Structures are given as structure tokens and as C-alpha cells.
Amino acid sequence: GQGCIHTRIDFDLRSPPGIARFRAFIEDAADLVVRYGGSLSGEHGDGQARGELLDKMFGPELLEAFREFKAIWDPSARMNPGKLIDAYPLDANLRLAAYPAPEMRTEFGFPDDEHTFAEAALRCVGVGRCRKMGPGTMCPSYMVTGDERHSTRGRARLLFEMLQGDPVRSGWRDHAVKEALDLCLACKACKSECPVNVDMATYKAEFLSHYYAGRPRPLVAYAFGLIFLWARLASRAPWLANLFTQTPGPRDLAKRLIGIAPERRLPAFARTTFKRWFARRPSPAPHPNPPPQVGRGILPSPSTGEGEGGGEPAVSKKAPVLLWPDTFTNYFHPEIGRAAVEVIEAAGFEVVVPEADLCCGRPLYDYGMLGLAKRVLFQTLEVLRPHLEAGTPIVGLEPSCIAVFRDELPNLFPNEPLAARLHDQAMLFSEFVDQHASDFDLPKLSHLALVHGHCHQKALMGMDNEQRVLDRLGLDYQLLDAGCCGMAGSFGFEAGARYEVSRRLGERVLLPAVREASPETLIIADGFSCREQIAQGTGRQALHLAQLIQLALRKSAQAPG
């Protein structure tokens, strides 16, 4: 309304000719604005960027009056020197002019940042939206500590100074940078809530991969980062593993040795894994009212062929869906996998599960184990190759796993076609039900519910699909604006500052809301760590969306008629 123009011009501020063009442009622009009686800085302060030009707008006499006034109150020129009065040149102290943008080998490809970590570290322009204390998720650690170094902006600044070598001089080994990143929950909220999409979770993983290169990590990193390996081992004798993790004495000793908060309860391993149950179960009985199989838009797997009736749709054959058996569903909560199978088959699809033991590698990123994460993901791509080439949907129950396929995977393998296919074909359980089983007539549930969204789901995939499915169920629900639950994978299990931050985050909104809910109110949370935080903080058991739909199907089957 006042003719205020915001400009973002990509000047070359690294080379002398580019800086000269920048200066010439700014001087010409200042002359043009003054000629029309305008303001050089509009709604913002003049500071250093416009201080040198104020003589054009105010003239030497008024500028001298400014100088005298400042001298009265600040005779030693200690307050904001070089700004407004006797200002630095507008092309002095430019951030990029002194930035070497060093060449470095990184694990992530950073395809959106000219394929360099140095450019990624420049994304932050200091807006400071990460310093908010209100709605949204960004930035969880800052919401608790109020410390600038624990904000996305503070961490981005430290990374910039590290790469610049001033004043952070220890590079990848710098302890101050490590300390600032230590309380980052890798929630990825900054990637969606920050105006310039700073991705601190990725930067943290990259930093830690270099920080620990050639030296051992803390025991807790191996305990949680390699959970997929320990879980496989424990599944051979879950009773023995639970003896050590659930029995007082051995459990408490293990916590002290590893660095787990004594207040935390370790999840128990399931007696039978989801994959073992799936392999041994009898053939599924036909659903009493299966939906039609036309118009799914899903390609059949190589084993089913293209139909045997001369090109007509094979309506009698079920379209295959690959259900991703994540570590936490497979080894800790197989009942969620069983619920998903029941729902997907009731919707008229065939469920397939990979025989090989696979992992998305999510826990590895938290500790910078990116080399191993890439090997794990490469194995996943090879095992899934037939399904990826056939266009089979890959449905995941754990939001953080699908977030890997949609986000980290193409960043680690930017030129791999199979990675691009998995990025496109991977989907949340809620996305599958909403988009591919839209004709599935879900029974109604007349319940109240509180719904908590996983951070990665909110940041990368959104909650729209989840809400549409809940609407189809007829649920009277409230989607909590609780930010991060605070558990964030293994973060909330660790002793010390991480446990305290985790506890305080949970107590911001989520845990009090669950405690205040009536016993009849259903608690919905798709993330493993979210459900753990709720269970350990309130004693309430949250349901996965798959379990909720299973509940609706079973109640409908029991209804008269």
C-alpha cells in the first residue's frame, strides 16, 4: 500500500567485478528512489547496508546534526559504530566476499544447494522464525532452552563460521559446533517451517559423520544407532533379551553403562516378529464385501503378469502392495503390522512383505553413521528392485521410515534411478488408504480422539491424508498442535540434558492433553517414539491408524446384521 518493494537479487558478491556491479546498482537505485522522494530502506532500519547512502537522502547539513546528536549521548562511539553515522561502506564486510566456499567431500549430495554443503550452510538469512515459542514444531530445543545456539538460526550461523574458519577454527572437529547440534532433535520441522527451508537434521548428520570419522562414538550411539542389528539378534531369543532389558539389576546396570536415562523404560521385544507371523499365517480368508479392483492405478508385480484376458483389466486378481516391515513394527509392535495386513486385505489388496531383513537406516543418521546408512539403503534398493520396476506401492507404518525414502534417500543417491522410484512409490499407511483405497467403505467409529502427528510426517508429508481417513471413519477428533513429542527416536532415552529436554517438550502440550482426556477418548499416534513418550509420560496406550481402522472393522463385523 505504501509502495514498499522487497527485492532478492542474486548479485555475485564473491568476485571483485560482481561486488563492483552490486555497488553501482545500489548507488543508481538510491539516486532513483531519492529523485522520486522515496525512502532508501522503507520499513527496515538503514544500518550498514544503507548508512553510506543517507547523505543522498538527508543531505550533509541534516547528517551533521545526526552526528552531533549521537556524539552528545555516545561520545566514545561505542554503540553500533559504523552504522548510520560515519558508516562502513555498503560493500564492506559482505558475508560472501570473505566466504571461501571450500571444496569438501560429503556423504549427502545436496542437490538443491549446488551439490555442496558450503552452499547449504548459506541458506539461513537470519529471519529467526525458529525462535518462536507458539504454534508449530520448529524449533523444539529452542522452545525449551531459549538459547540462541539451540535455534536453527544459531546452529546455521555456527556451521557458516566453521566453514569460513572464523571464529570457529577447528572445522569438522569443533566441539562448540558439536555442542550446539547435540540438542537438535532432527525433527525436520525447519525444512518446512523455515522460510528458506534450512534442513538442520541433514546438516547435523553430515557434521557428525565427519566429527567421529576415525574415532569411536559413545556407547549409546552403537546401542541405538545399530538397533536394527541388535533387534535381529534379540529376536532369536526374545525372552533372554527381555531378561536383560526388563529385569531390575541387569536393566539398571545396562542403562548406566550405555548412558540411558534411569527414568526411561526400555521397550520389550515381541515374542514373535511380524515377519515370522506373516510367513506362518494361513492364506487370508476372502473379505465378505471386497471392493472392486478396477481403477486402482497400481501396476501388478512381475509375478502376476499383465492379465491373461487379452489386455482387459484382471478384475479377479488382487493388486499387490508391499508392506514395509520397519524395525520397530517388526520386533517391538508386530500387532500394528498385523492390523495393517488385515486392513489392506479387507480393502481388496494382496500384501507382500520382503523376505530379506531390511532397514531404512533412520537410527544411523542420528549418530552420523552415514557410510553404513548408504550401504543399508543400497541393499534395500536391490532387494526392492523388482517391486520398484513394477510400480508396486511401498506402504510404511513408521513415518520416519517413509521420510527417509522421500527425503534422505534422494539426497544420498541423487543420481540413482531406483532411489527416485522408491521416493515416488513409498507412502504412508494413511496416504495409501486415502489415495489408493478411496472406494473402501470404512465403518464408522463414534469415538472422541486426540491425534498427535509425527514430526517427520508433519514436515515432509503433512497430515491431510491422515485427517481425510479419520473423517471417513466419522471420528470426532482433535489434531493437537503439540509440536515435537520430545522422544524423537532415541533422543529422549539418553541421560542428561537430552532426557530433560525430552521431558520438558512432552510437558509443553502433548502429555497434559493426554492426561486431561477422558478414559474413553482414543489416543492416535503413528510414530513409535511418539507412542513411547505418551505411554511413559501418561500410562496411556496410543493406537496406530492401522489399529484404529482394524478396530472399526471388527466392531462393524460384530454389529447386528
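**Core, helix 7 and pockets**

Leaving aside neighbours within four places in sequence, Met162 is in contact with Phe117, Val168, Gly171, Trp172, Val177 and Phe207. The model in which these contacts occur is predicted. Met162 belongs to the largest nonpolar core, which has 102 residues. Within that core, the residues with the most contacts are Met162, Met200, Phe207, Phe405 and Leu422. Another core lies apart from it. This other core has 42 residues, including Ile344, Phe429, Phe432 and Ile524.

Met162 is also one of the buried residues of helix 7. Helix 7 covers residues 152–164. How many of its 13 residues are buried? Ten are, and the helix is mostly covered. Near the start of the list stand Thr152, Gly154, Arg155 and Ala156, which are among the buried residues. Leu158, Leu159, Phe160, Glu161 and Leu163 are buried as well. The buried residues of helix 7 pack against helix 5 (117–120) and helix 6 (140–145). They also pack against helix 8 (175–182), helix 9 (189–193) and helix 10 (200–211).

The length of helix 7 can be checked. At 1.5 Å a residue, its 13 residues should span 18 Å, because the expected span is 1.5 Å times one less than the number of residues. The end C-alpha atoms of helix 7 are 18 Å apart, which agrees. Gly165 follows helix 7. The phi of Gly165 is positive, near 80°.

Attention now turns to empty space. Rolling a probe the size of a water molecule over the atoms shows where such space is left. The largest pocket has a volume of about 2300 Å³. It is lined by 45 residues, and the closest to its centre are Thr7, Arg8, Ile9, Phe22 and Arg50. Helix 1 (16–35) and helix 2 (47–51) each supply at least two residues of this lining. The largest share, seven residues, comes from helix 1. By type, the lining of the largest pocket divides into 23 nonpolar, eleven polar and eleven charged residues.

The second largest pocket has a volume of about 1000 Å³. Which of its 50 lining residues are the closest to its centre? They are Ala223, Phe224, Ile227, Phe328 and Phe332. Helix 13 (residues 238–246) gives the largest share of the lining of the second largest pocket, with four residues. This lining holds 35 nonpolar, nine polar and six charged residues.

Conventions:
Residues are numbered from 1 along each chain as its sequence is written. This is a predicted model: local features need pLDDT of at least 70, side-chain atom pairs count only at pLDDT 80 or more; totals for chains, interfaces and linings use all residues. Side-chain values use heavy atoms; hydrogens and water are left out. On a 1 Å grid over the protein atoms alone, a cavity is a set of points where a 1.4 Å probe fits but cannot get out, and a pocket is an open set with protein on both sides within 12 Å along at least five of seven lines; lining residues have an atom within 4 Å of a point. Grid points are joined across faces, edges and corners, and a volume is the space filled by probe spheres set on the points. Ala, Val, Leu, Ile, Met, Phe, Trp, Tyr, Cys and Pro count as nonpolar, Asp, Glu, Lys and Arg as charged, and the others, Gly among them, as polar. Buried means under 20% relative accessible area, exposed over 50%, partly exposed in between (1.4 Å probe, protein chains only). Contact means heavy atoms within 4.5 Å. A nonpolar core is a set of buried Ala, Val, Leu, Ile, Met, Phe, Trp, Tyr and Cys residues joined through side-chain atoms within 4.5 Å.
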